[in-house]
Amino acid sequence: MTVAASAVSQETEEHVSYTCTEGYEYDPIKEVCKDIDECALVSDTCKGGMKCINHYGGYLCLPQNAQIFITNEDESSQRTDPIPQPPLNPLNPTNPQTPQTRTQSNHRGVVAGASQCLPGFTLDEQNYCQDVDECSQGLHTCNADQICYNTRGSYTCQCHPGYQKHGEQCVDRNECMLSHYCMHRCVNTAGSYFCECKDGYQLASNNHSCVDVNECDLTQPCQHQCFNLLGSYICQCDQGYELASNSVSCVDIDECAFSSYMCQYVCINSPGGYSCICPEGYQLQRTRMCQDINECDTGHECREDEMCWNYYGGHRCYPKNPCQEPYVLTSENRCSCQSAGACRGLPQSIIYKYMSIHSERTVPADIFQIQATNIFPSAHYSFRIKAGNDGGEFFLRVSNQTFVGAMLVLTKSLEGPQELIVDLEMITQHTAMTYRSSSFLRLTIIVGPYPF
C-alpha cells in the first residue's frame, strides 16, 4: 500500500489533504488509503464469462474455474525468539503453575504456552515447530505410481506426467482426445503420445507438424521422370514408353502393333520408338513412305546396245534395236517393213513401248492411250487388242468423238512381279483408194512387286 500525503498550510486555517495512488481512496474516518473494490463497483467489469477478482490497487479477470492462492506471510521471514514455556505443576503436570496462560500463534504451527505442535509439524531442540517432510520420511500414503510432494504441514500425491487421477488411482491421460496439436494423426501411448503423418509426409522438427516428402529426390522411385506432388508423386515415361501397372516402371510401346499403316512396307519396333524399312529397289522417303529408286539414273548393268528401263522396284535391260527381219529400225523403238512383198500379211510397222504399274492396282483404270499419228480425211481408223489378253485383263475403249484413238483399260487387278506384252492393232481403211493397212503397238507392261 502506498500513501502519498501532501500538507498545505494556510494563514487563516490549517488544512491537510491526502492523495492516494490509483486503485485506492482515502478513508477520512480511519485516515488511511483503502483499496477500491472495482468488482463490486462496476457490474460488468469482466467480459466473456470471466469472473472478477478484486486485487490490491486493481482487479483481475480470470476463468470461472481458476483457483486463487493468497499468502499473507513470507515463509522466509526472520525467525522469532522462542516463547518460553511456563513450568509445569508437579501436582498437576498437565496444567501450568500460573493461573493465567497467554496463548499466541506463530507461523511455525506452534501455540505458545502449549507443549505440542499442529498436525504435520514437530518440535525441534529449540522448542520450535518444524514441518515434517512426510515424503522423504515415508510417512505418506501415495501409491507406487504416484509422486509425493511435501507441503507446509502436509503433503500431496500427484501422478506422473501423462497420467491423471481417477479416484485414488493414476490412469493414462489420452492426449489425443484433448488438444494434441498433431497435424495429421495422434497415437496415444502410456503416459504420452506421438504424432504420425500421412503417406508422403514426414514429421517436422517440432514433432507435430507434417511436411511434404520429396520422393523424387529422396528415393528416385520412377524409372524415367518423376514429378513431386503434395503428399505424393507422379511418374511419367519418355516418348515411346508407357507406365506399367505399378505406375513407376516404363514399358516400351509397340507402335507397329497399333496399325498396319505405320509403315508403307515393314515396321520394326525398337525401345522407345520404331523405324520403317523399304524393300530392295526402294528408299525411305521421310519416315514411313517408300520411293522407287531409279536404277537407270543411279547405276545399272545394261550393255551399250541395250537401254535401261526403270520400273517400280527394279529395272530391266531391253535391246535398243528390237526389230527383227523383215523389219528395220527407222526411228527410236519403231520398226518398219521396207519390202511390200516380204511384209505381205504383216503389220506395216511395229512400235515398241514400255510402261510400269503397281501391283494390286485398283480397277478399272485407264493405263495407256493409242492414237493415230497420220490422219487422212478419207481414212477410217479402228483399234483392237491383237494379242496378250488371254486372261481378259484389258479392254480397249475407242473414243467416240474423234475415232482416231483408243484407251487401254485395266479391268483385272494384277499382282507383281510379272511382265505382260500386249499387241494393240490400228487398222487404217482408205475409202477413196480402197486401201487397207495395219500397224502394231507392242506394249510391254511390267507389274511391280508391291502396291507402291
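**Exercise 1. The surroundings of Phe394**

Leaving aside its neighbours within four places in sequence, which residues is Phe394 in contact with?

*Solution.* The model is predicted. Start at Phe394 and skip its neighbours within four places in sequence. Among the contacts that remain are Ile367, Ile385, Leu408, Val409 and Leu410. Leu414, Leu420, Val422 and Ile445 also belong to the list. So far the names are nonpolar by the core's rule, which admits Val, Leu and Ile among others. The list is completed by Gly388, Asn389 and Thr411.

**Exercise 2. The cores**

Find the residues that touch the most other members of the largest nonpolar core, then list the elements that build this core.

*Solution.* Step one: the largest nonpolar core holds 25 residues. Step two: Ile367, Phe368, Phe394, Leu408, Leu424 and Ile445 touch the most other members. Step three: look for elements that give two or more residues. These are β29 (349-357), β30 (365-371), β31 (379-387), β32 (394-398), β33 (405-410), β34 (418-430) and β35 (435-447). Step four: a second core, separate from this one, has 13 residues. Tyr311, Cys323, Tyr327 and Cys337 are among them.

**Exercise 3. An open sheet**

Give the strand order of the open sheet of 6 strands, and explain why β27 and β31 each have a side without a neighbour.

*Solution.* The order is β27-β28-β29-β35-β34-β31. Pairing in this sheet is mixed. Now check the ends. β27 (327-331) and β31 are the edge strands, and each has a single partner strand, so one side of each lacks a neighbour in the sheet. Ignoring direction, neighbouring strands are turned by 30° against each other on average. Next, take one pair. β31 and β34 are joined antiparallel over 8 bridges. Within this pair, Ala379 has His430 in β34 as its bridge partner.

**Exercise 4. A hairpin**

Describe how β3 and β4 are joined, and locate the residue with a positive phi.

*Solution.* β3 covers residues 24-27 and β4 covers residues 32-35. The two run antiparallel and share 4 bridges. One of the partners is easy to trace: Asp27 bridges to Val32 in β4. Between the strands lie 4 residues, and the whole forms a hairpin. In the turn, Glu31 has a positive phi of about 55°.

**Exercise 5. Rings around Tyr450**

Classify the pairs that Tyr450 makes with Tyr265 and Tyr282, and say how far apart the partners are in the chain.

*Solution.* The whole structure contains 7 aromatic pairs. Take Tyr265 and Tyr450. Their ring centres are 5.3 Å apart and their planes stand at 75°, so this pair is edge-to-face. Tyr265 lies in the loop between β20 (250-252) and β21 (266-270), while Tyr450 lies in the segment after β35, 185 residues away. Tyr265 is partly exposed at 35% relative accessible area. Tyr450, at 21%, also counts as partly exposed.

Now take Tyr282 and Tyr450. The centres are 5.8 Å apart with planes at 75°, so this pair too is edge-to-face. Tyr282 sits in strand β23 (residues 282-285), 168 residues from Tyr450. Tyr282 has 6% relative accessibility; buried means under 20%, so Tyr282 is buried. Finally, Tyr265, Tyr282, Tyr450 and Phe452 make up one aromatic cluster.

**Exercise 6. Two annotated stretches**

State the helix and strand content of residues 212-247 and of residues 252-291.

*Solution.* In an unreviewed entry, UniProt places "domain: EGF-like" at 131-171, 172-211, 212-247 and 252-291. Residues 212-247 are 11% helix and 39% strand, with end C-alpha atoms 20 Å apart. Residues 252-291 are 0% helix and 45% strand, with end C-alpha atoms 29 Å apart.

Conventions: Residues are numbered from 1 along each chain as its sequence is written. This is a predicted model: local features need pLDDT of at least 70, side-chain atom pairs count only at pLDDT 80 or more; totals for chains, interfaces and linings use all residues. Side-chain values use heavy atoms; hydrogens and water are left out. A nonpolar core is a set of buried Ala, Val, Leu, Ile, Met, Phe, Trp, Tyr and Cys residues joined through side-chain atoms within 4.5 Å. Buried means under 20% relative accessible area, exposed over 50%, partly exposed in between (1.4 Å probe, protein chains only). Contact means heavy atoms within 4.5 Å. UniProt positions are given in the numbering used here, feature names are shortened, and annotations may be inferred rather than shown by experiment. Two strands pair if DSSP finds at least two bridges between them. Axes are lines fitted to C-alpha atoms, for helices over the stretch in contact, and angles run from 0 to 180 degrees between N-to-C directions. Rings of Phe, Tyr and Trp (its six-membered ring) pair if their centres lie within 6.5 Å; planes under 30 degrees apart count as stacked, over 60 as edge-to-face and the rest as tilted.
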